[in-house]
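I'm opening a fresh page in my notebook for this one. Here is what I looked up, entry by entry.

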Amino acid sequence: MKYKFILTMMAMFFAINMNAQQESNYPHAFIGVQGGVMRAYNGEGIDRKWSPMAALNIGYNFTQVFGLRLQANGSTWKAELPGGDEYKSKIGNIDLDMMFNLSNVFFPNRNNLVNVIAIAGAPFNLAVPHSWVDNYAYSISEGGDRWNTAWKVGGQLDFNIAKHWGFNLEAGTNYVRQKNEGLHDNNKWWPYAMAGITYKFGFKKAKKAAPVAPVVAEPVEEPKAELAPQPKREEPKPAPQPKKEEPKPVVKPAKVAENIFFELAKSDVKDVQNSKIDAIVKFANENPNAKISLVGYADKGTGTTAINKRLSDQRVKTVKDILVKKGIKASRISTESKGDTVQPFANNDDNRVVIVVGE
(Lines give C-alpha, C1' and ligand atoms only; values in the text may rest on other atoms or scores of the structure.)
Protein backbone atom coordinates (compact mmCIF):
# COMPACT_ATOMS: atom_id res chain seq x y z
CA MET A 1 0.00 0.00 0.00
CA LYS A 2 2.87 2.36 0.82
CA TYR A 3 4.41 2.00 -2.65
CA LYS A 4 1.02 2.40 -4.36
CA PHE A 5 0.49 5.68 -2.52
CA ILE A 6 3.93 6.98 -3.54
CA LEU A 7 3.39 6.00 -7.18
CA THR A 8 -0.07 7.63 -7.19
CA MET A 9 1.34 10.91 -5.81
CA MET A 10 4.15 10.90 -8.40
CA ALA A 11 1.63 10.32 -11.22
CA MET A 12 -0.53 13.23 -10.00
CA PHE A 13 2.54 15.49 -9.80
CA PHE A 14 3.61 14.62 -13.35
CA ALA A 15 0.06 15.12 -14.68
CA ILE A 16 -0.29 18.56 -13.07
CA ASN A 17 3.02 19.85 -14.37
CA MET A 18 2.52 18.41 -17.87
CA ASN A 19 -0.52 20.71 -18.17
CA ALA A 20 1.39 23.80 -17.02
CA GLN A 21 1.96 26.75 -19.33
CA GLN A 22 4.74 26.74 -21.86
CA GLU A 23 6.24 29.87 -20.31
CA SER A 24 9.25 30.52 -18.08
CA ASN A 25 9.08 33.11 -15.26
CA TYR A 26 12.82 32.96 -14.54
CA PRO A 27 14.94 34.71 -13.38
CA HIS A 28 13.10 36.56 -10.58
CA ALA A 29 13.49 37.77 -7.00
CA PHE A 30 11.26 36.80 -4.07
CA ILE A 31 10.44 37.73 -0.48
CA GLY A 32 8.34 35.70 1.95
CA VAL A 33 7.33 34.85 5.51
CA GLN A 34 6.91 31.45 7.18
CA GLY A 35 5.65 30.10 10.47
CA GLY A 36 5.84 26.67 12.07
CA VAL A 37 7.52 24.64 14.82
CA MET A 38 11.08 23.56 15.76
CA ARG A 39 12.52 21.11 18.27
CA ALA A 40 16.04 20.54 19.61
CA TYR A 41 17.49 17.10 20.45
CA ASN A 42 20.47 17.43 22.79
CA GLY A 43 21.83 13.90 22.75
CA GLU A 44 22.82 13.24 26.39
CA GLY A 45 20.96 16.29 27.65
CA ILE A 46 17.31 17.13 27.93
CA ASP A 47 15.14 17.32 24.82
CA ARG A 48 13.17 20.50 24.29
CA LYS A 49 9.51 20.46 23.34
CA TRP A 50 8.17 21.45 19.94
CA SER A 51 8.16 25.25 20.03
CA PRO A 52 6.90 28.07 17.74
CA MET A 53 9.19 29.23 14.96
CA ALA A 54 9.00 32.15 12.49
CA ALA A 55 11.14 33.07 9.47
CA LEU A 56 11.65 35.91 6.97
CA ASN A 57 13.13 35.10 3.54
CA ILE A 58 14.59 37.13 0.68
CA GLY A 59 16.26 35.56 -2.34
CA TYR A 60 16.76 35.29 -6.08
CA ASN A 61 16.20 32.45 -8.56
CA PHE A 62 19.05 32.92 -11.03
CA THR A 63 17.89 30.10 -13.32
CA GLN A 64 15.02 27.65 -13.52
CA VAL A 65 17.01 25.23 -11.32
CA PHE A 66 19.28 27.26 -9.00
CA GLY A 67 18.52 29.99 -6.48
CA LEU A 68 19.92 31.51 -3.26
CA ARG A 69 17.94 32.51 -0.17
CA LEU A 70 18.91 34.54 2.92
CA GLN A 71 16.69 33.54 5.84
CA ALA A 72 16.37 35.01 9.35
CA ASN A 73 14.48 32.78 11.79
CA GLY A 74 13.99 32.44 15.50
CA SER A 75 12.40 30.21 18.11
CA THR A 76 11.68 30.10 21.85
CA TRP A 77 12.44 26.78 23.54
CA LYS A 78 11.09 25.27 26.75
CA ALA A 79 11.98 22.12 28.69
CA GLU A 80 11.11 20.67 32.09
CA LEU A 81 14.02 19.79 34.40
CA PRO A 82 14.04 17.13 37.12
CA GLY A 83 12.49 18.61 40.23
CA GLY A 84 9.89 20.56 38.28
CA ASP A 85 12.05 23.52 37.25
CA GLU A 86 11.53 24.91 33.76
CA TYR A 87 14.29 25.75 31.30
CA LYS A 88 13.72 28.51 28.76
CA SER A 89 15.91 29.82 25.98
CA LYS A 90 15.70 31.83 22.76
CA ILE A 91 17.63 31.16 19.61
CA GLY A 92 18.15 33.08 16.37
CA ASN A 93 19.56 31.95 13.01
CA ILE A 94 20.74 33.64 9.85
CA ASP A 95 20.80 31.03 7.06
CA LEU A 96 22.33 31.20 3.61
CA ASP A 97 20.47 28.51 1.66
CA MET A 98 20.99 27.07 -1.81
CA MET A 99 17.74 26.04 -3.52
CA PHE A 100 17.52 23.47 -6.33
CA ASN A 101 14.24 23.26 -8.26
CA LEU A 102 13.93 19.56 -9.14
CA SER A 103 10.63 20.08 -11.00
CA ASN A 104 12.35 22.27 -13.59
CA VAL A 105 14.94 19.53 -14.14
CA PHE A 106 12.13 17.26 -15.42
CA PHE A 107 9.90 20.01 -16.90
CA PRO A 108 12.20 22.77 -18.27
CA ASN A 109 10.92 26.01 -19.84
CA ARG A 110 7.66 25.79 -17.90
CA ASN A 111 5.87 27.68 -15.15
CA ASN A 112 5.04 24.55 -13.10
CA LEU A 113 2.01 24.60 -10.82
CA VAL A 114 3.92 22.55 -8.22
CA ASN A 115 7.68 22.82 -7.65
CA VAL A 116 9.74 20.34 -5.59
CA ILE A 117 12.75 22.22 -4.19
CA ALA A 118 15.77 20.73 -2.41
CA ILE A 119 17.46 22.99 0.18
CA ALA A 120 21.04 22.91 1.48
CA GLY A 121 22.37 25.70 3.67
CA ALA A 122 24.83 26.98 6.25
CA PRO A 123 23.05 28.60 9.23
CA PHE A 124 24.84 30.92 11.66
CA ASN A 125 23.29 30.43 15.08
CA LEU A 126 23.24 32.96 17.95
CA ALA A 127 22.04 32.04 21.45
CA VAL A 128 20.19 35.10 22.72
CA PRO A 129 21.08 35.87 26.43
CA HIS A 130 19.62 33.06 28.52
CA SER A 131 20.65 30.36 31.01
CA TRP A 132 22.26 27.14 29.81
CA VAL A 133 21.59 23.82 31.57
CA ASP A 134 24.40 21.63 32.85
CA ASN A 135 23.26 18.22 31.58
CA TYR A 136 24.78 16.34 34.51
CA ALA A 137 24.23 18.51 37.59
CA TYR A 138 21.08 20.15 36.24
CA SER A 139 22.30 23.48 37.55
CA ILE A 140 22.04 26.77 35.73
CA SER A 141 25.19 28.29 34.18
CA GLU A 142 25.06 31.75 32.63
CA GLY A 143 26.68 32.64 29.32
CA GLY A 144 27.23 30.83 26.07
CA ASP A 145 25.89 33.72 23.99
CA ARG A 146 27.96 33.26 20.88
CA TRP A 147 27.71 32.45 17.16
CA ASN A 148 27.72 28.80 16.14
CA THR A 149 27.91 27.31 12.67
CA ALA A 150 25.64 24.54 11.44
CA TRP A 151 24.56 22.52 8.41
CA LYS A 152 21.05 22.46 7.03
CA VAL A 153 19.18 20.11 4.69
CA GLY A 154 15.51 20.15 3.78
CA GLY A 155 12.89 20.25 1.11
CA GLN A 156 10.02 22.47 0.03
CA LEU A 157 6.80 22.13 -1.97
CA ASP A 158 6.10 25.45 -3.69
CA PHE A 159 2.61 26.00 -5.15
CA ASN A 160 2.19 28.73 -7.79
CA ILE A 161 -1.09 30.43 -6.83
CA ALA A 162 -0.58 33.23 -9.38
CA LYS A 163 2.29 34.80 -11.32
CA HIS A 164 3.44 36.86 -8.31
CA TRP A 165 2.20 34.73 -5.38
CA GLY A 166 3.11 31.30 -4.06
CA PHE A 167 2.32 29.09 -1.07
CA ASN A 168 4.92 26.69 0.34
CA LEU A 169 5.36 23.81 2.78
CA GLU A 170 8.91 23.24 4.07
CA ALA A 171 10.57 20.71 6.39
CA GLY A 172 14.19 19.97 7.28
CA THR A 173 16.79 19.83 10.04
CA ASN A 174 19.88 21.71 11.26
CA TYR A 175 22.93 19.95 12.68
CA VAL A 176 24.73 22.23 15.15
CA ARG A 177 28.03 21.89 17.00
CA GLN A 178 27.82 24.53 19.73
CA LYS A 179 30.88 26.13 21.29
CA ASN A 180 29.58 26.16 24.86
CA GLU A 181 32.16 24.30 26.95
CA GLY A 182 29.72 23.71 29.79
CA LEU A 183 27.86 21.06 27.79
CA HIS A 184 29.29 17.55 27.53
CA ASP A 185 27.42 16.81 24.30
CA ASN A 186 27.27 19.86 22.05
CA ASN A 187 25.94 18.07 18.96
CA LYS A 188 22.33 19.02 18.33
CA TRP A 189 19.69 18.14 15.76
CA TRP A 190 17.04 20.83 15.17
CA PRO A 191 14.21 19.47 12.99
CA TYR A 192 11.61 22.00 11.83
CA ALA A 193 8.43 22.26 9.76
CA MET A 194 6.93 25.48 8.37
CA ALA A 195 4.33 26.87 5.95
CA GLY A 196 4.41 30.28 4.33
CA ILE A 197 3.64 32.62 1.45
CA THR A 198 6.01 34.14 -1.10
CA TYR A 199 5.78 37.27 -3.27
CA LYS A 200 7.75 37.01 -6.54
CA PHE A 201 8.89 40.06 -8.49
CA GLY A 202 11.47 41.38 -10.95
CA PHE A 203 10.47 39.15 -13.86
CA LYS A 204 12.27 39.72 -17.14
CA LYS A 205 9.77 41.21 -19.57
CA ALA A 206 9.18 39.12 -22.68
CA LYS A 207 9.22 40.77 -26.08
CA LYS A 208 5.78 41.43 -27.47
CA ALA A 209 4.84 39.69 -30.68
CA ALA A 210 4.46 41.96 -33.69
CA PRO A 211 0.79 42.89 -34.26
CA VAL A 212 -1.00 41.42 -37.24
CA ALA A 213 -0.68 43.81 -40.18
CA PRO A 214 -3.91 44.87 -41.91
CA VAL A 215 -4.50 42.91 -45.09
CA VAL A 216 -6.17 44.66 -48.03
CA ALA A 217 -6.76 42.76 -51.25
CA GLU A 218 -5.52 44.44 -54.43
CA PRO A 219 -7.88 44.60 -57.45
CA VAL A 220 -7.05 42.00 -60.08
CA GLU A 221 -7.61 42.71 -63.75
CA GLU A 222 -8.38 39.90 -66.09
CA PRO A 223 -6.47 39.90 -69.39
CA LYS A 224 -8.23 41.58 -72.26
CA ALA A 225 -9.44 39.32 -75.02
CA GLU A 226 -7.76 40.04 -78.36
CA LEU A 227 -9.65 39.86 -81.66
CA ALA A 228 -8.15 37.71 -84.36
CA PRO A 229 -7.13 39.79 -87.47
CA GLN A 230 -9.56 39.53 -90.41
CA PRO A 231 -8.17 38.86 -93.89
CA LYS A 232 -8.60 41.69 -96.38
CA ARG A 233 -11.17 41.07 -99.10
CA GLU A 234 -12.09 43.57 -101.75
CA GLU A 235 -15.36 42.00 -102.73
CA PRO A 236 -17.73 41.50 -101.14
CA LYS A 237 -17.14 43.89 -98.33
CA PRO A 238 -17.28 42.18 -94.95
CA ALA A 239 -20.27 42.94 -92.84
CA PRO A 240 -19.49 45.21 -89.94
CA GLN A 241 -18.56 43.24 -86.84
CA PRO A 242 -20.43 44.05 -83.63
CA LYS A 243 -18.25 45.85 -81.16
CA LYS A 244 -17.35 43.63 -78.20
CA GLU A 245 -17.29 45.03 -74.70
CA GLU A 246 -14.06 44.64 -72.86
CA PRO A 247 -14.39 42.55 -69.66
CA LYS A 248 -14.41 44.59 -66.48
CA PRO A 249 -11.74 43.89 -63.88
CA VAL A 250 -12.80 41.72 -60.94
CA VAL A 251 -12.21 43.59 -57.66
CA LYS A 252 -12.08 41.57 -54.48
CA PRO A 253 -13.57 43.18 -51.37
CA ALA A 254 -11.19 45.08 -49.10
CA LYS A 255 -10.22 43.74 -45.69
CA VAL A 256 -8.90 45.21 -42.42
CA ALA A 257 -7.38 43.52 -39.34
CA GLU A 258 -6.30 45.14 -36.08
CA ASN A 259 -5.26 43.86 -32.61
CA ILE A 260 -6.50 45.95 -29.65
CA PHE A 261 -4.31 45.10 -26.63
CA PHE A 262 -5.28 45.53 -22.95
CA GLU A 263 -3.44 45.80 -19.65
CA LEU A 264 -3.54 43.11 -16.93
CA ALA A 265 -7.08 42.67 -15.50
CA LYS A 266 -8.29 45.75 -17.46
CA SER A 267 -11.01 46.17 -20.11
CA ASP A 268 -10.60 49.86 -21.00
CA VAL A 269 -8.97 50.95 -24.28
CA LYS A 270 -5.90 53.16 -23.84
CA ASP A 271 -5.19 56.21 -26.01
CA VAL A 272 -2.31 54.41 -27.73
CA GLN A 273 -4.91 52.18 -29.43
CA ASN A 274 -6.85 55.12 -30.96
CA SER A 275 -5.07 54.91 -34.31
CA LYS A 276 -6.23 51.29 -34.67
CA ILE A 277 -9.83 52.22 -33.80
CA ASP A 278 -9.71 55.07 -36.36
CA ALA A 279 -8.43 52.67 -39.05
CA ILE A 280 -11.38 50.33 -38.43
CA VAL A 281 -13.90 53.21 -38.56
CA LYS A 282 -12.36 54.56 -41.78
CA PHE A 283 -12.56 51.11 -43.39
CA ALA A 284 -16.20 50.68 -42.33
CA ASN A 285 -17.14 54.10 -43.76
CA GLU A 286 -15.39 53.41 -47.08
CA ASN A 287 -16.97 49.94 -47.33
CA PRO A 288 -20.61 50.32 -46.20
CA ASN A 289 -21.43 46.67 -46.98
CA ALA A 290 -18.50 45.27 -44.98
CA LYS A 291 -19.03 43.38 -41.72
CA ILE A 292 -16.88 43.80 -38.61
CA SER A 293 -16.10 40.80 -36.34
CA LEU A 294 -14.69 41.11 -32.79
CA VAL A 295 -13.10 38.15 -30.93
CA GLY A 296 -11.95 38.71 -27.32
CA TYR A 297 -9.28 36.79 -25.38
CA ALA A 298 -7.60 36.75 -21.92
CA ASP A 299 -4.14 35.49 -20.95
CA LYS A 300 -3.96 32.08 -19.31
CA GLY A 301 -1.02 32.99 -17.06
CA THR A 302 -3.13 35.01 -14.59
CA GLY A 303 -6.54 34.73 -12.98
CA THR A 304 -8.98 31.83 -13.28
CA THR A 305 -11.05 30.49 -16.19
CA ALA A 306 -14.18 32.22 -14.90
CA ILE A 307 -12.44 35.57 -14.34
CA ASN A 308 -10.74 35.44 -17.75
CA LYS A 309 -14.04 34.65 -19.51
CA ARG A 310 -15.65 37.68 -17.88
CA LEU A 311 -12.65 39.89 -18.81
CA SER A 312 -12.77 38.85 -22.48
CA ASP A 313 -16.55 39.56 -22.55
CA GLN A 314 -15.98 43.06 -21.15
CA ARG A 315 -13.15 43.79 -23.60
CA VAL A 316 -15.29 42.83 -26.62
CA LYS A 317 -18.18 44.98 -25.33
CA THR A 318 -15.84 47.96 -24.80
CA VAL A 319 -14.53 47.84 -28.39
CA LYS A 320 -18.06 47.39 -29.82
CA ASP A 321 -19.42 50.36 -27.83
CA ILE A 322 -16.61 52.60 -29.13
CA LEU A 323 -17.27 51.59 -32.76
CA VAL A 324 -21.03 52.19 -32.38
CA LYS A 325 -20.37 55.64 -30.85
CA LYS A 326 -18.21 56.48 -33.87
CA GLY A 327 -21.11 55.77 -36.25
CA ILE A 328 -20.84 52.07 -37.14
CA LYS A 329 -24.22 50.33 -36.91
CA ALA A 330 -24.41 47.58 -34.31
CA SER A 331 -26.03 45.27 -36.89
CA ARG A 332 -22.74 45.28 -38.85
CA ILE A 333 -20.72 44.08 -35.81
CA SER A 334 -20.50 40.46 -34.64
CA THR A 335 -18.87 39.52 -31.31
CA GLU A 336 -17.35 36.41 -29.75
CA SER A 337 -15.51 35.82 -26.43
CA LYS A 338 -13.08 32.91 -25.91
CA GLY A 339 -11.63 33.74 -22.46
CA ASP A 340 -8.36 31.84 -21.93
CA THR A 341 -9.43 28.66 -23.76
CA VAL A 342 -7.58 29.83 -26.89
CA GLN A 343 -4.21 31.63 -26.87
CA PRO A 344 -3.59 33.26 -30.29
CA PHE A 345 -0.09 34.53 -29.38
CA ALA A 346 2.98 32.72 -28.03
CA ASN A 347 3.76 35.52 -25.55
CA ASN A 348 1.37 35.25 -22.57
CA ASP A 349 0.78 39.03 -22.10
CA ASP A 350 -0.21 39.54 -25.77
CA ASN A 351 -3.29 37.34 -25.25
CA ARG A 352 -5.06 40.18 -23.42
CA VAL A 353 -6.48 41.28 -26.79
CA VAL A 354 -9.52 41.81 -29.01
CA ILE A 355 -8.83 40.86 -32.65
CA VAL A 356 -10.86 42.96 -35.11
CA VAL A 357 -11.41 41.80 -38.71
CA GLY A 358 -13.47 43.69 -41.27
CA GLU A 359 -14.32 42.39 -44.73
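**Surface and overall layout**

I started with the outside: the chain has an accessible surface of about 21,700 Å², and carbon and sulfur atoms account for 61% of that. I'm keeping in mind that this is a predicted model.

Next I asked how many helices and strands the chain has. I found four helices and 14 strands.

Then I checked burial: 38% of the chain's 359 residues count as buried.

I also looked at contacts between residues at least 6 apart in sequence. Of these, 68% join residues at least 24 apart.

**Salt bridges**

A reminder to myself: side chains of opposite charge can pair when their charged atoms come close. How many salt bridges does a search of the whole structure find? I got eleven.

One of the eleven brings together the side chains of Asp97 and Arg69, at 2.7 Å from N to O. I wanted to know where these two sit along the chain. Asp97 is in strand β4 (residues 86–101) and Arg69 is in strand β3 (residues 66–80), so this pair ties together parts that are 28 residues apart in sequence. Are Asp97 and Arg69 buried or exposed? Both Asp97 and Arg69 turned out to be buried.

I moved on to Lys270, which makes a salt bridge with Asp268. Their closest N and O atoms are 3.3 Å apart. Lys270 has a relative accessible area of 34%, so I noted it as partly exposed. Asp268 is partly exposed too, with 35%.

Another pair I looked up was Asp349 and Arg352, whose side chains meet in a salt bridge at 3.4 Å, N to O. Here the two partners get separate labels: Asp349 is partly exposed at 29% relative accessible area, whereas Arg352 is buried at 10%. The cut-off I used for "buried" is under 20%.

Which residues are joined into one network by salt bridges that share partners? I wrote down Arg69, Asp95, Asp97, Lys152 and Glu170. So Arg69 and Asp97, the pair linking β3 and β4, belong to that network as well.

**A backbone angle to flag**

Last, I looked at Ala265. Its phi is near 60°, which is a positive value in a residue other than glycine. Where is Ala265 found? I traced Ala265 to the loop between β11 (256–261) and α3 (274–286). Ala265 counts as exposed, because its relative accessibility is 53% and the cut-off for exposed is over 50%.

Definitions and conventions. Residues numbered from 1 in each chain as written. Predicted model: local features only at pLDDT ≥ 70, side-chain atom pairs only at ≥ 80, totals over all residues. Heavy atoms only, no water. Salt bridge = Lys/Arg side-chain N within 4 Å of Asp/Glu carboxyl O. Helix = DSSP H or I, 4+ residues; strand = E, 2+ residues; numbered from the N terminus. Buried < 20%, exposed > 50% of the residue type's maximum accessible area, 1.4 Å probe, protein only. Contact = heavy atoms within 4.5 Å. Areas by Shrake-Rupley, 256 points an atom, 1.4 Å probe, with all protein chains shown as cover.
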